[in-house]
Amino acid sequence: PSYIRNTKFPHVPLPLHSTGTCEIKVSKCSEDICQLRLDFQTMSGFTAAVGVCTDKFEAEGQTGVNPPSICGTNTGYHMYTEFGATSTDTITLTITYGDTSSKTWNVLLRQISCSSSWKAPTDCVQYFTGSTGTIQSYNFAGGQLLNSMYYNNCIRTEEGFCKIQYKESTGQTPDTFGMETGKTAAEASSDGCPTSHIYIPNLSSDGIKAISITPAQAEAYISHQCGSVFGLDGSTVSLALVSATKPFTVGVYTNPATALTAPTTGFPLDYTQLPC
């Protein structure tokens, strides 16, 4: 493993004298390397206004499918990036300072072999293991959902488990679910979330039986979620919902052009795998 970090870390850096970018090239340490895992042990001060990153962190491999650019506060988050198939493929990490405010970052880099048991499924930007856990949108800790997100969070199916339950995390600050500007209730229809949503396939109360729908609800299973509540379409009460569709994934999409004004905070979701 290796680290990249800001000058004088762990001390808080002084304001910068100028804007600009810094590129770091990561080469494979052996031919049998497929992925780079980045753990943001510290990342704060990267400016995000209405979802737009003035400062940003980018990771780009050679496959043409890359994680989104991120900014804001992402301490404790992680990210997987694909190298590519050839031994000379590299990953480029680019840090952009769009303003001169102080920024702190300390990122652990670990290369993962193609045969490793902890290699993530291809193109899973975050990968979670264990029968329980919490998934958060990037910069949820900063209280602002980011534009131009298009990626998958993947959860490894643990032995003996066949379904997975999701619910809003409890006791969170800021607001626990806010995926689209101007919403005051749940929005859970495929055509009702055009600018931002999370995608979890075939949610219902138990992941097997269809939801009892009203004439206003067109879908017997929920796959899209946006609005201000994680739950049934039009509801103001959050619910725990279950998916039996494998692999277990939580997709995230936000439009690159829509201003995500407050209180569009993003989400934290607690997951619990359910036994067969």
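This is a friendly chat about the disulfides, cores, pocket and a few residues of a predicted model.

Me: Before we start, what kind of model is this, and how are residues numbered?
Reply: It is a predicted model, where local features need pLDDT of at least 70, side-chain atom pairs count only at pLDDT 80 or more, and totals for chains, interfaces and linings use all residues. Residues are numbered from 1 along each chain as its sequence is written, and side-chain values use heavy atoms, with hydrogens and water left out.

Me: Cool. What is a disulfide, anyway?
Reply: A disulfide is a covalent bond between the sulfur atoms of two cysteines. Here a pair of cysteine sulfur atoms within 2.5 Å is taken as one.

Me: How many disulfides does that rule give?
Reply: The count comes to 5 disulfides. With bonded cysteines counted along the chain, the pattern is 1-4, 2-3, 5-6, 7-10, 8-9.

Me: Tell me about Cys-34. Which cysteine is its partner?
Reply: Cys-34 forms a disulfide with Cys-114, and their sulfur atoms are 2.0 Å apart. The torsion about the S-S bond is about 100°, so this disulfide is right-handed. Cys-34 lies in strand β3 (residues 33-44) and Cys-114 in the loop between β9 (104-113) and β10 (126-128), so the pair ties together parts that are 80 residues apart in sequence. Strands here are DSSP runs of E, at least two residues long, and helices are runs of H or I, at least four residues long, numbered from the N terminus.

Me: Are those two cysteines buried or exposed?
Reply: Cys-34 is buried, with a relative accessible area of 18%, while Cys-114 is partly exposed at 33%. Buried means under 20% relative accessible area, exposed over 50%, and partly exposed in between, using a 1.4 Å probe and protein chains only.

Me: And what about Cys-53 and Cys-71?
Reply: Cys-53 and Cys-71 form a disulfide too, with sulfur atoms 2.1 Å apart. Its torsion is about -75°, so it is left-handed. Cys-53 is in strand β5 (residues 52-53) and Cys-71 in the loop between β6 (56-60) and β7 (78-82), 18 residues apart. Both cysteines are buried.

Me: Which cysteine does Cys-193 join?
Reply: Cys-193 is joined to Cys-226, S to S 2.2 Å. This disulfide is left-handed because its torsion is about -85°. Cys-193 is buried at 2% relative accessible area, and Cys-226 counts as buried at 0%.

Me: Why isn't Cys-22 bonded to Cys-53?
Reply: The closest cysteine sulfur to that of Cys-22 is in Cys-53, and at 17 Å it is too far for a bond. Cys-22 counts as partly exposed, at 38% relative accessibility. Cys-29 is in no disulfide either, as the nearest cysteine sulfur, that of Cys-114, is 11 Å away. Cys-29 is exposed, at 62% relative accessibility.

Me: New topic! Which residues touch the most others in the largest nonpolar core?
Reply: Phe-57, Leu-93, Tyr-166 and Ile-198 touch the most other members of that core, which has 54 residues. The largest share, 5 residues, comes from β3. Another core of 6 residues lies apart from it, with Ala-120, Cys-124, Tyr-127 and Cys-154 among them. A nonpolar core is a set of buried Ala, Val, Leu, Ile, Met, Phe, Trp, Tyr and Cys residues joined through side-chain atoms within 4.5 Å.

Me: Where is Ile-91, and what does it touch?
Reply: Ile-91 is found in strand β8 (residues 90-97), and at 0% relative accessibility it counts as buried. Leaving out residues up to four places away in sequence, Ile-91 touches nine that include Ile-24, Val-26, Leu-36 and Phe-83. Contact means heavy atoms within 4.5 Å. The C-alpha atoms of Ile-91 and Val-26 are separated by 5.1 Å, although the two are 65 residues apart along the chain.Me: Last one: how much space lies in the largest pocket?
Reply: About 290 Å³ of space lies in it. The lining has 15 residues, and Asn-6, Thr-7, Pro-13, Leu-14 and Leu-16 lie nearest the centre. On a 1 Å grid over the protein atoms alone, a pocket is an open set of points where a 1.4 Å probe fits, with protein on both sides within 12 Å along at least five of seven lines, and lining residues have an atom within 4 Å of a point. Grid points are joined across faces, edges and corners, and the volume is the space filled by probe spheres set on the points.
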